[in-house]
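Biologist: Here is a model I would like to go through with you. Let us start with its empty spaces and then turn to its charged pairs.

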Amino acid sequence: MPQQVTLHLNQLRCIVESDAQGGSEPYLWVTYFVVDGRNITQPEPVFTNTPVFNDFRREVPDNVRDGQVVNVPPFLANFSAEVDPGPLNFMMVGCLVVLLEEDETPDGAIFAGRNAFATGIHQELNKLIKERIRTLERGPVTDEEVKAIRDAIEPKVESAIRSRLSLRQKLFGNQDDVLGFAHVTFIGDEIQSKDFEFPELAERGGGNRFVLSGRLGVAPVGPPPFDPCADRRAGVQDKRDQLNGLNIRLRSLQQELQTAPPQAKPAIVKQITALGPEITRAQEELERAERSLRKCEAGITGQGQVSSGGILLDV
């Protein structure tokens, strides 16, 4: 039976911090993932979601000290998906987090690292699940499997970040640090409403220790109500997503331009200029889609026709 599963991240608790400058400045990268019986045989059986928000380093308070508890920012805190065990009777949901310490790495470099992380996590989780399908392994995800994912992703993230740094920043900058890497995974009967905590997020070779808590919610999925405007509503959402993606790309390029070395700036300016017409076109397409949706919601489905209970009436 299909179920609606919700993961909510609650609070990040600082157990010990070791920043000599007066407190830690933690922030999170988060990836949610889902596998169920409907997609387990697909080329990419794992659906992943890594929330994108370019001010994520500024959403957690600075100077976090021992014992302090901070709320997880809303843009990172919630994920919901419908899962169905299907004929193979399999469901898996989970969340993987990286805890970092903000120092002097430029925003553009951190965005590049976060994007490399999102791509790498998607690839490595799909690689892991396909291997488990091949071996018919249904047990808990092991520490060794998580370590293999981390070892595969870290060099890609570090390379993406370093590619956005100037020589001076590479030689003399105090770059952001990774404080911890942890996950929670729920398989089959473990997918029940409950509170949970991630394994401790502890810095390798350092003194920073944090704990992240969350809540897993599960509810039955009822039949969806009939929506005569569903196609138009989906079209509006699709156009909004397209426009949002272009605007995110524009903001990222603008921020990258501020810290890029001189030789890289002409190429970035060219990309920014090329985005202008694309954004204008996406805005116009969104406005047309919204007008079409409003027309449907008002009951007008065509020239001279009004919808009444799904029946077309001439007027």
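Modeller: One definition before we start: helices of at least four residues and strands of at least two are DSSP runs, numbered from the N terminus. Keep in mind that this is a predicted model.

Biologist: Which elements each supply at least two residues of the lining of the second largest pocket?
Modeller: That pocket holds about 280 Å³ of space. Its lining has 14 residues, and D143, V146, R150, F181 and A182 lie nearest the centre. The elements with at least two lining residues each are α3, β7 and β9 (201-202).

Biologist: Where does the largest share of the lining of the second largest pocket come from?
Modeller: By class, the lining splits into six nonpolar, two polar and six charged residues. By element, the largest share is five residues, and the supplier is α3.

Biologist: How many residues line the largest pocket?
Modeller: The space in the largest pocket is about 410 Å³. V157, E158, I161, D176 and V178 lie nearest its centre. They belong to a lining whose residue count is 21.

Biologist: Which element gives the most to the lining of the largest pocket?
Modeller: Four elements each supply at least two residues: β6 (91-101), α2 (107-135), α3 (143-162) and β7 (177-187). The top contribution is seven residues, and it comes from α3.

Biologist: How many charged residues are in the lining of the largest pocket?
Modeller: Sort the lining by class. Nonpolar residues number 11 and polar residues two. For charged residues, the count is eight.

Biologist: Which element gives the most to the lining of the largest cavity?
Modeller: The structure holds two cavities of 30 Å³ or more. The largest has a volume of about 70 Å³. Its lining includes F33, M92, L125, H183 and T185, and divides into nine nonpolar, two polar and no charged residues. With three residues, the element that gives the most is α2.

Biologist: Now the charges. Is D36 buried or exposed?
Modeller: D36 meets R38 in a side-chain salt bridge, 2.7 Å from N to O. R38 is partly exposed, with a relative accessible area of 42%. The cut-off for buried is under 20%. D36 has 2% relative accessibility, so D36 counts as buried.

Biologist: Which residue is linked with D36 and R38 in a network of salt bridges?
Modeller: The structure has 14 salt bridges by the rule used. One network of them joins D36 and R38 with a third residue, E82.

Biologist: How many residues apart are R215 and D195?
Modeller: Their side chains meet in a salt bridge, 3.4 Å from N to O. The pair links distant parts of the chain: R215 is in strand β10 (residues 209-220) and D195 in strand β8 (residues 194-197), and the separation is 20 residues.

Biologist: What is the accessibility class of D195?
Modeller: Its partner R215 is partly exposed at 34% relative accessible area. Exposed means over 50%. D195 has 58%, so its class is exposed.

Biologist: Why does the salt bridge of R233 and E297 tie together parts that are 64 residues apart in sequence?
Modeller: The closest N and O atoms of R233 and E297 are 2.8 Å apart. R233 lies in helix α5 (residues 230-259), so its bridge to E297 ties that part to helix α6 (residues 265-297).

Biologist: What is the relative accessibility of E297?
Modeller: R233 is partly exposed, with a relative accessible area of 33%. E297 also counts as partly exposed, and its value is 47%.

Definitions and conventions. Residues are numbered from 1 along each chain as its sequence is written. This is a predicted model: local features need pLDDT of at least 70, side-chain atom pairs count only at pLDDT 80 or more; totals for chains, interfaces and linings use all residues. Side-chain values use heavy atoms; hydrogens and water are left out. On a 1 Å grid over the protein atoms alone, a cavity is a set of points where a 1.4 Å probe fits but cannot get out, and a pocket is an open set with protein on both sides within 12 Å along at least five of seven lines; lining residues have an atom within 4 Å of a point. Grid points are joined across faces, edges and corners, and a volume is the space filled by probe spheres set on the points. Ala, Val, Leu, Ile, Met, Phe, Trp, Tyr, Cys and Pro count as nonpolar, Asp, Glu, Lys and Arg as charged, and the others, Gly among them, as polar. A salt bridge is a side-chain nitrogen of Lys or Arg within 4 Å of a carboxyl oxygen of Asp or Glu. Buried means under 20% relative accessible area, exposed over 50%, partly exposed in between (1.4 Å probe, protein chains only).
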